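Work through these exercises with the model open beside you. Try each task before you read its solution.

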Amino acid sequence: MKPTEQKTEQQYWRSLDQLAGTPEYRQFVEREFPVGASEMASEVDRRKFLILAAAGIGLAGLTACRRPIEKIIPAGGKVAEQLVPGVAQQYATIYNLGGQAQGVLVRSNDGRPTKVEGNPAHPASLGATSSYAQASILDLYDPDRSKSVKQGKDNKNWDDFVKAATPLMAELKGKQGEGLRFLAEANSSPALRELRNHIATTMPNAKWHTYDAVSQDNALAGANLAFGQPVHVHYAFDKADVVLALDADFLGSDIDSTINIKNFSKKRRTGTDIEAKDSGHGSTPHGEEKKDEHKAEASQAQHAVPAQHAAEPAKAESGKEGPKGTPTPAPEPVSNKMNRLYAVESNFTVTGGMADHRLRLQSSKIGGFLAALAKEMGVTAGGLDKHAGAINGNQLAGKWIKAVAKDLNANKGRAVVVVGARQPAHVHALAALINASVAGETVKYTRAFEDKFESNLASIKGLVDDANAGKVNTLLILGGNPVYNAPADLKFREALGKVQNRIHLGLYQDETAAECNWHVNEAHYLECWGDGRAYDGTASIQQPLIAPLHNGKSALELLAVLSGYAQTSDYEIVKTLWLKSLGGEKAWNKAVHDGLLANTAFAAVTPAVNAGAIGSALDAAPVAGNGLEINFVQDASMYDGRFANNGWMQEVPDPMTKLVWDNAVLISKDTADAKGLKNEDMVKLTLKGRELLLPVWILPGHAKDSITVALGYGRTVTGRVGNGFNEKFGKLMDTISFGNTIGGNTYLLRTSDAMDFALGVELAKTGEAHKIAATHDHWSMEGRPLVREATLDDFIKTPEFAKAPDAGLHMISAFEHPYDFKQGNQWGMAIDLNTCVGCNACVVACQSENNIPIVGKDHVLRGREMHWIRMDRYFTNVPATEFEVGGAKPWVFDEDYMQAVQQPMTCQQCEHAPCEEVCPVAATVHNEEGLNTMAYNRCVGTRYCSNNCPFKVRRFNYLNWHKDMSETEKMMQNPEVTVRMRGVMEKCTYCTQRISAAKHQAKVEGHRAIRDGEITPACAQVCPADAIVFGNINDPASHVSKLRKQARNYQLLVELNINPRTTYLAKLRNTNKELEA
Amino acid sequence: MQAVANEFKIPKENPLAKPLLIEGEQTYNSLTEAVATVVEGKTPRNWYIAFAVSVCITAMLGSMLGYLVLTGVGVWGNNQPVGWAWDITNFVFWIGIGHAGTLISAILFLFRQKWRTSINRAAEAMTLFAVACAAIYPGFHVGRIWMAYWLFPLPYNQGMWPNFRSPLEWDVFAVSTYGTVSLLFWYVGLIPDLATLRDRATTKARQVVYGIFSLGWRGSNRHWQHYEIAYLILAGISTPLVLSVHSIVSFDFAVSKLPGWHTTIFPPYFVAGAVFSGFAMVMTLMLVARWALNLQHLITMYHLEVMNKIMLVTGSIVGYAYTMEFFMAWYSGNMYEKFTFYNRAFGPYAWAYWTMFTCNVVSPQCFWFKKLRTSIPFMFFLSIVINIGMWFERFVIIATSLHRDFIPSSWGYFRPTPVDMLTFFGTFGLFMTLFLLFIRFVPVIALAEVKAVLAQQQHKAQGHAKH
C-alpha cells in the first residue's frame, strides 16, 4: 500500500481543537460569520465565545452523524434520546464466521463501538465469544481497510460503480443471467437467501458458488453418506460422559467451539465440587472464618447462582432449609459425574491437552482406528476389516481400542464419538453409525443451512472449469479471498483472468481485489444491517453501531442494487423480510434489541442411518499407506488468513506452540530427532511437485511421521500489519527474512485432492535458520507445583491433594498491613484449571478492554509482549531442568503419554504484594478492597516491581507502543482505561474500571451493596468455560467465595507469604485404569 | 641533604624492617617538585591526545543517553523477565570500583596505615569519578527520567513521599551520602596541597583559582590543628559509609523475593567484592599514572605488593561467598533456590558464571607467589582480569537470577543491544575524562601527607642510628 493512500483518515476528528484546525471548519466560520472570521485569531471576546459555543453545539450534533440513522436499539433498553453522554451502551448484534452467527453485545462509547462481549441470550454465545469475535473490532478500525471503490488502480466511488454496473447487469438480465456467477463464503443469512432467490427467479441461469478454505464439507458429506441428507451434527457435550474425539479440535479451532467449551465444561465441573474440610487451611490466612459458613448457607437462597453451579453437592444443613424448594438430588458416585475425554489426533490441539487420555496418531490412520474400534464395539459394516488393517502393529492403539470400546459400550446413551472436520466423509459416516448405537441424547441432528449439498470444492471447481471454458462473463466475488486460498491445483488466478468482468467486494484490497476490475469496499459487520443463523439455526439480527466509516457497502446492498431488488438499503431488506414473519414493529424492535428471534432454532431431525451405504463407502475408500504425512490446519489466530492484518491475532500466542507472527512446520520431538531437525531450521517441503520454505518448530506429542502446517500465513497483498513492513513495524520486524511475508503460504501446497492431509510430503533441510518468536518456549514445569493435577480417583480419596505442597508452612510478616481485609468488598478471583481449555479468548478480550498495544515480532523475540493475561502451557511428562532445549544433552521422555496443561496467568493481586514493597515512589499500592493498584501517573519506571514479581505478570512500556496510531484506531480505545505512555509499568487491574462503574451504580442506587456477578472482568466475561470467576471474597455467599472453599482451591507460591487473591482450582483427569501408562 | 638520606637508609638484611614508603634520596622540596611539576609543567602532547579521545567517548555517552531518553528504555536489551540488565550491572560495577578510594582514605587512615599516603589522593578521585559514572545508571535506567526526582523526599504539591520501604529508596540516600562525604573528604585533604600550588603559581589565573579553592590556607599551626581534626572526623564518618553503601546496594537484591537475590550473605559479600574490584581499578590506574608521571619513587613496589595482598584476601572472600551460596542453595532445600544456582552454573548463562569464577576466584590465587605479586606486567594484566570478573559477578547475579525465576513460562534470555554496549563504553570515557582533568590540575599525590611520612621515615632512621 502506498503511503499517499493513507491520508483519508483525517476526516474523523475527536476533539474541538482538531475540528477547529480543519479547513472545513474555517470555511464554516467564514460562511457563517464573514466579519467575525478574522477575529478568531485574536483574543477571546464575546463574539468569539459565542462562535466557540456554536461550534461546540455543532460538534455535538456532528458526532451523532456517525450513528446510523436507522433505529438501532441498545441492549440496555434505552433509546438514543435517553443516552447519557459518556455512559457506554451495549447493542446486540451478531458476528458471522464460517457461515455461523455468534450473538454478541457490543459496547458503544458515545457512538464508537469499543468492545465485543458475548450475548448471554444467544444460543451460540451464552455470554462468551471466540477470540475471533473479540478481535473483529480491530478490523473495524483498521487503517488499512479498503476505503474506496476501485476500478483497477483508480479510486472511484459507489455511484461510479453503480453507473458502470447497471448496463452490464441489464445486459445479463436479458440473457437470463447467462455467464453471471457469484462466489461467496458460507453464509446462513436468511436475507441473503432471499436475495439469492430473487436472483434465481429473475436470472435463472446465474449460478451461485460457495468457497471457504476452512469448511464443514467433510462433515456434511459424511452426513449425506450416512443419512442420505446433509444434516448438521450437534454434539451435546453437556450430556456426554464419555467423549472420543478423533482428530477433532472441538474445544479449539472448531467454529462452534465457544458453545462446545461451554457445554463440555459443565460436565467437567460436575462431581468436582467438594468443599475443603477446613476452608481456611493453608490458602486463605485472611479469608473466611468458620462462623461465616452458616451464614453462607443462609444467604445462599437470596443470591443468584449461575446455572452450571447449581449442581453443587447438597450440604447436610441445606436439607432442612430447602432453598427454593428444589429437592436435594441423591448423591451419585463422583466418578460417573465428571466426563472422560479420549483424544486421538495427529497435531497436539487444545482438545488433546484437555483429554484425559490422548493418543497421537497420524491423521491418515484415524479412519483405521475408528474402523478397528467399530469392530471391537460390535458395529458391523462393510470394509471395516480393510481399514482396521491400517493400524495393525500399533500396540498402543490396540490397547486403546479395547479400553475405549469397553468404555463407550458401558456408557451407551451418554457417550459420543466426535470426528474432526478434516477427516474424510466415510470416517464421519462411520462415526454416525457408531453414534447411532452409543450416543442417545449426546448427538442431535438438524437440517443444514443449504437445502442442497454441494461441497465447497466441487463448487469452486465448477466455477474454475466454467471460467476456463469461457462460460463466465461476470463474476461477483462477495467476500473471501480465493486468489489466495483456493486449492493450488485449480490455478484460480489464471481462471479468474479469463472472466471478463470481475467484481470484488471485500473489507480489504487483498490478493483477490488486485485481480479484479472493480473492487467495492465492504462494510464491516458493525457498520451494516444483516442477519444470520446460529449453529442451531436460531435466526439472529445484525444491527450496526456506527455508520460505515469508509462508506462501505454490505453484500446485501450490492446484490440488491445489482439485481434490482425492491429495497436497496440493507436496513430495509432485513427489516422488510423479518417483518413478514414477525408481524409487527414491536416484535421487530424486540428482535433487534435481543439480537435474535426466540424459538427459531431448527427442529431436531432423527434421520435413519444407512449402514449399507456407509459400508460400501468404506469399501470404496482407499486405505491409508505409510510415509510422512502433512496436515493442513486452520490457524488458531489467522483462521483461514483473514486476520492477517489484525495485530491482536498476529500477536496472540498459539495455544499450544505459543508462536506469534509466524507459522511453522510442527513436528514431534522423535521425528525431528530422526530427521536431525531442531527449532528454527528452515526446511523445504515438497508435496506433489509443489515447494514451500518453512521453519521447523518442535511440538512434543505431535504424531510420529507427521507434520502440521497452519493455513493463513504468507499473505502478499494485505495491510501494514500483515505485510510486516510499515512505519511502525518496519524496524520492529526486520527478522522477517523469507519471502517478505509473515510466515509461509501453505495454500501453495494445498491441492484439491489434499485439502486436509496427504501422505508423501518430503522435507529437506536448507541449512538456513529463521528466527521464530514464541512467547513461551519452555516445556516443563520444572517439578514446581504450579498447575496441580490429580486423577479423579485420587481426588476422591484425597480431596485436598492440591493443598499438600503448602502444608506445614509457617509464615511471619515483618509488616503490619494497613488494611483490614475483613471489611467491605474484598475482590478475588478463582480460576478453574479443570475447565480452562486455553482457548485464548481471555487474552484478546483483555487486550481489547484495556487498550493493550501490540509490539511486533522483534519485540516479542526480546520478551516485551504486553498481554496482561497470558496462557501458560506446560507439558506434563517432560523431565525437569531441560537445559537441553538447545540440544546439548540427550534426554528421554515418552511422547506417547504426553499431556498438556494450560494456566491463565495474570496479576494475582497478592495481599502482601512484593511489587509494592520495592517501588521507590509508591506508584503501586494496595487499596482497602485488596486490589494491587497501579498509579500510572506516579510510575517512574524503575522496573523493580517487575523484577520482584514472582509471577512476572507486570508489563513495561519499553517504547512508545502507541506511536503512529491512526485516527481510526484511536476511536477504538476504551475511554475508561488510561492509555499508558512509554516508561511506565502496567498490569492487570481486575478491570478496575468495571469495579468503579459498578460501585458508582450501587452508590447511585442508594448506596446498596454490590451484587455478586455484577462485576465481570473482561477475561471472565468472555470465558466460554466459565473458568474465571470474580467477586467479593468477603461475601461468603458469593460464587468466588464458594469456589475458594472447595478442596481443589490453592494459591500459587504460597510459601512466599504473598497471599494472592487469585486462586486456582486444581486440574483433574478422569483416567481410565486400563490406559494408564 | 642527600648525604643525610643515604646515611639513614635501613640495612636491607633486617627481615623485620619495613621497606621504605618513599624511595630514593628525597627532600621536602624534591617531593614538592616531583608532584607539583606534573600540574605546573607544560601539558604533554600525550595528555591532549588521551583527553581528546576520552572526550569523544564521553560525547558518545551523551548521545546514547539522549537517544535513550528520547526513545525509551527499549533501546537497551532489557526485557520482560530481565527488567534490569546492563544498567544495574554497570551501576553496581562502578559503585564497587568507587569503594577502594574511601577505604584507603578513611579506614587505612584510622588504622595508621602510612603506605596509603602515596595512593589515597588518586584513589579518592577515582571514587568520585566512579560514583559519577555509577549515578548515571539509576538515573537513566528509569522509564521516565523527567520524573526521577520523585525518588527524593521533596515536599511538593503532590503531597507524596517516596516509599521508604523500598531498597531502591535506601540506595538513593546511601549513594548520595557516599558521594557527598567522599567529595568533602577528598577536598579537605586537598586544601594544603592546593595552597602549595597557589604559592608556587606563576600566573595570575592559577593564583586566583588555586587561591579560591585553598580557602585561605596559610599552614599555620591553628590551621593544621583544625585540618587534622576535620580530616579525622571525616574519616570517622566515611568509615561506616564504606561498609554501608555497598551493603545497601546489595539490599536491592537481598530484600527482594527473587531466588538468587534473596540471600543474607549479600552485604559482606558485596563489600568484599567492592573492595576487591576497587583495588583492582586503583592498581590499573596507578600503574599507568606511576609510569606516565614518573612517580615510581612515591608509588613503590611495596605499595603495589600490599594492594595485591588485599586483592588476594578479598578475592578469596568472594570465592568463599560463591561457594557458600551454592551450599546454602542445597542446604535450604528450596527448589527455586536450588534451581537458580544450578542454572547459574549450568544454564544458558554458564559462560558468564565461569568467566566470573575464573577471573575472581582462580586468578587472584596467583598472588600467593611473590614473583607474580611483584611483577608489574602481571599485576597489570590481573587487575584488568579482576575488573572483568567483577563486572561479570554483577551481571551473573542480576541477569541469571531474573531470566529464570519462579514461573517457567516466563523464562527468557537477555541480549545486550549496541546501545547497551556503547553506553557502558561511554562511561569509561567519562571516567577517563575526569581522571585526566584530575591529574592535570590537582596534585595526584597527597603532598602534605607524604611529607609527613618522609619526616617520620627520616626520624626513624635517625633514631635507629643513635642507638
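**Exercise 1: A nonpolar patch**

Task: Which helices of chain B each supply at least two residues of the nonpolar patch?

Solution. This is a predicted model. Step 1: find the helices. They are helix H10 (266-292) and helix H15 (376-403) of chain B, and each supplies at least two residues of the patch. Step 2: list the members. B:Val288, B:Trp291, B:Phe380, B:Ile384 and B:Ile388 make the patch. Its area is about 470 Å². Step 3: find the main supplier. H15(B) gives the largest share, three residues.

**Exercise 2: Two residues, two settings**

Task: Classify B:Phe380 as buried, partly exposed or exposed. Then do the same for A:Ile541.

Solution. Step 1: recall the cut-offs. Buried means under 20% relative accessible area, and exposed means over 50%. Step 2: take B:Phe380, which lies in helix H15 of chain B. Its relative accessible area is 30%, so B:Phe380 is partly exposed. Step 3: turn to A:Ile541, in strand E18 (residues 539-542) of chain A. Its relative accessible area is 1%, so A:Ile541 is buried. Step 4: look at the distance to A:Ser189. A:Ile541 and A:Ser189 are 352 residues apart in sequence. Their C-alpha atoms are 9.3 Å apart in space.

**Exercise 3: The build of chain B**

Task: How many helices and strands does chain B have, and is the chain as compact as a globular protein of that length or not?

Solution. Step 1: count the elements. Chain B has 17 helices and zero strands. Step 2: compare the radius of gyration with the globule rule. The chain has 24 Å, and the rule gives 23 Å for 467 residues. The two values are close, so chain B is as compact as a globular protein of that length. Step 3: check the box. Along the principal axes, the C-alpha atoms fill roughly 80 × 55 × 40 Å. Step 4: check burial. In chain B, 58% of the 467 residues count as buried. Step 5: check the surface. Chain B exposes about 19400 Å², with 70% supplied by carbon and sulfur atoms.

**Exercise 4: Confidence**

Task: Where in chain B is confidence lowest, and where is it highest?

Solution. Step 1: start with the whole chain. The mean pLDDT of chain B is 86, and 92% of its residues reach 70 or more. Step 2: find the extremes. Helix H1 (residues 2-7) of chain B is lowest, at a mean of 45. Helix H3 (residues 45-71) of chain B is highest, at 94. Step 3: read the complex scores. The predictor gives an ipTM of 0.90 and a pTM of 0.85.

Definitions and conventions:
Residues are numbered from 1 along each chain as its sequence is written. Chains are lettered from A and ligands numbered from 1 in the order in which they are written. This is a predicted model: local features need pLDDT of at least 70, side-chain atom pairs count only at pLDDT 80 or more; totals for chains, interfaces and linings use all residues. Side-chain values use heavy atoms; hydrogens and water are left out. pLDDT is the predictor's confidence in each residue, from 0 to 100. Helices (H or I, at least four residues) and strands (E, at least two) are DSSP runs, numbered from the N terminus. Buried means under 20% relative accessible area, exposed over 50%, partly exposed in between (1.4 Å probe, protein chains only). Patches are made of residues with over 30% relative accessible area and no salt bridge: like charges are joined within 9 Å, nonpolar side chains (Val, Leu, Ile, Met, Phe, Trp, Tyr) within 5 Å. Accessible areas come from the Shrake-Rupley method with a 1.4 Å probe; for residues, only the protein chains shown count as cover. A salt bridge is a side-chain nitrogen of Lys or Arg within 4 Å of a carboxyl oxygen of Asp or Glu. The radius of gyration is taken over C-alpha atoms; the globule rule is 2.2 Å times the number of residues to the power 0.38.
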